[in-house]
Amino acid sequence: MAEKNSSVKTMKDLVAGTAGGIMQVLVGQPFDIVKVRMQTAPQGTYSGMIHCAGGILKNEGPLAFYKGTVSPLMGIGACVSIQFGALEYTKRVFTQMNIRVGKGGADGKELSAGQLVVAGSLAGIANSVVSGPVEHIRIRLQIQATDNKIYSGPGDAVRKIMKQHGIAGLYKGQVATLAREAVGYGAYFWAYEKLMQRELRNGVKREDVSPFKAVLFGAAAGYALWAWIYPIDMIKSRMQTDGFSAADGRKYKSTLDCVRTVWRTEGISAFTRGLGPTLIRSPFANGATFLGYELASRALEHL
């Protein structure tokens with residue numbers, strides 16, 4: 001019976017996570033394409049975020065801000081679903097450990113900072129299996145010119161990359177992705193859950209925490225994530241837009257070579273290029289993610 005209940009809870013976490021992921025994409029996609037263009041364009045292409053966004057609007061039209069959305073809408077939904085599924089499962093494991101040793105309050109649910117970081121990092125690592133190829137495909141679609149498309153859509157991109165470069169081609173940039181997810185989601189879920197714990201100490205039940213506070217806590221968690229990972233994310237974007245071989249213009253031999261080359265040729269400022277749209281996007285996208293998750297979780301509890 002306990003095993004069945006655990007499976008049901010995991011399924012509910014996965015469904016609620018999917019709802020959060022869809023919200024994240026719909027809110028954050030326009031900001032994300034500006035970020036990626038700024039991260040991957042040659043130095044001096046854009047004078048700033050407004051210049052980049054204005055160029056996209058003028059040259060490609062308003063729908064360009066949702067270029068490559070089908071891939072993340074399906075993929076990020078799956079990614080966030082995996083994140084929350086892994087997170088909540090690990091939290092339950094830690095809760096049982098706390099109960100056995102008499103920690104974490106009467107019900108063992110008040111996890112320590114270390115437990116939350118580990119749970120978040122494991123969630124990020126689990127998520128990276130899907131997020132790596134999903135973001136690779138999304139970025140390839142985001143950077144291609146409207147009048148000179150290499151790929152007609154996400155399915156076409158997957159087929160062509162798999163045919164020419166195999167599974168390794170699909171997982172290009174995975175080292176940077178793993179580093180980003182492990183570090184970032186450790187900070188992300190630590191920040192959110194600690195803020196939620198502070199609320200629960202006042203005698204409020206989790207399902208009674210206001211949606212506004214879920215958005216506010218999610219926004220804070222988003223800033224915690226990006227404070228730790230932005231340079232790693234820039235390297236990931238460079239790796240995922242680089243050529244697959246010397247014949248098609250590969251610039252970087254490895255993730256480490258990418259870091260060294262960018263540092264040597266563009267300086268430290270390159271590691272924060274595109275940060276503006278990320279900081280604007282973060283509170284909206286991450287607030288929407290946790291709002292979607294919390295509301296879906298509460299609705300599923302009544303099923």
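**Exercise 1.** By class, how many nonpolar, polar and charged residues does the lining of the second largest cavity have?

*Solution.* The structure is a predicted model.

Step 1. List the lining: the second largest cavity is lined by Gln 24, Val 25, Gly 28, Gln 29, Ile 76, Arg 138 and Arg 281.

Step 2. Assign the classes. Val and Ile count as nonpolar and Arg as charged, while Gly is among the polar residues. The lining therefore divides into two nonpolar, three polar and two charged residues.

Step 3. Add the setting. This cavity holds about 40 Å³ of space, and H1 gives the most to its lining, with four residues.

**Exercise 2.** Describe the largest cavity by its volume, its lining and the helices that contribute to it.

*Solution.* Step 1. Count the cavities: there are two of 30 Å³ or more.

Step 2. State the volume, which is about 280 Å³ for the largest cavity.

Step 3. Examine the lining. Of its 25 residues, Gln 24, Glu 135, Arg 180, Tyr 185 and Arg 281 lie nearest the centre. Two or more residues come from each of H1, H3, H4, H6, H7 and H9, and H7 gives the most, with six.

Step 4. Sort the lining by class: ten residues are nonpolar, six are polar and nine are charged.

**Exercise 3.** Identify the residues at the heart of the largest nonpolar core and the helices that build this core.

*Solution.* Step 1. Begin with the general tendency: in soluble globular proteins, nonpolar side chains tend to be buried together.

Step 2. Find the core. The largest one has 33 residues, and those with the most contacts inside it are Phe 84, Tyr 188, Phe 189, Tyr 192 and Phe 290.

Step 3. Name the helices. Those giving two or more residues are H1 (2–40), H3 (70–101), H4 (113–143), H6 (174–200), H7 (211–241) and H9 (275–301). The most comes from H7, with eight residues.

Step 4. Follow one residue. Leaving aside residues up to four places away in sequence, Phe 189 touches Gln 83, Phe 84, Leu 87, Gly 120, Ala 123 and Phe 290.

**Exercise 4.** Characterise the largest pocket.

*Solution.* Step 1. The volume of the largest pocket is about 1300 Å³.

Step 2. Among the 37 lining residues, Glu 88, Lys 91, Lys 109, Arg 206 and Glu 301 are the closest to the centre.

Step 3. By class, the lining comprises twelve nonpolar, nine polar and 16 charged residues. H1, H3, H6 and H9 each supply at least two residues of this lining.

Note on methods
Residues numbered from 1 in each chain as written. Predicted model: local features only at pLDDT ≥ 70, side-chain atom pairs only at ≥ 80, totals over all residues. Heavy atoms only, no water. Core = buried A, V, L, I, M, F, W, Y, C linked by side-chain atoms within 4.5 Å. Buried < 20%, exposed > 50% of the residue type's maximum accessible area, 1.4 Å probe, protein only. Contact = heavy atoms within 4.5 Å. 1 Å grid on protein atoms, 1.4 Å probe; cavity = no way out; pocket = protein on both sides within 12 Å on 5 of 7 lines; lining within 4 Å. Points joined across faces, edges and corners; volume = space filled by probe spheres on them.
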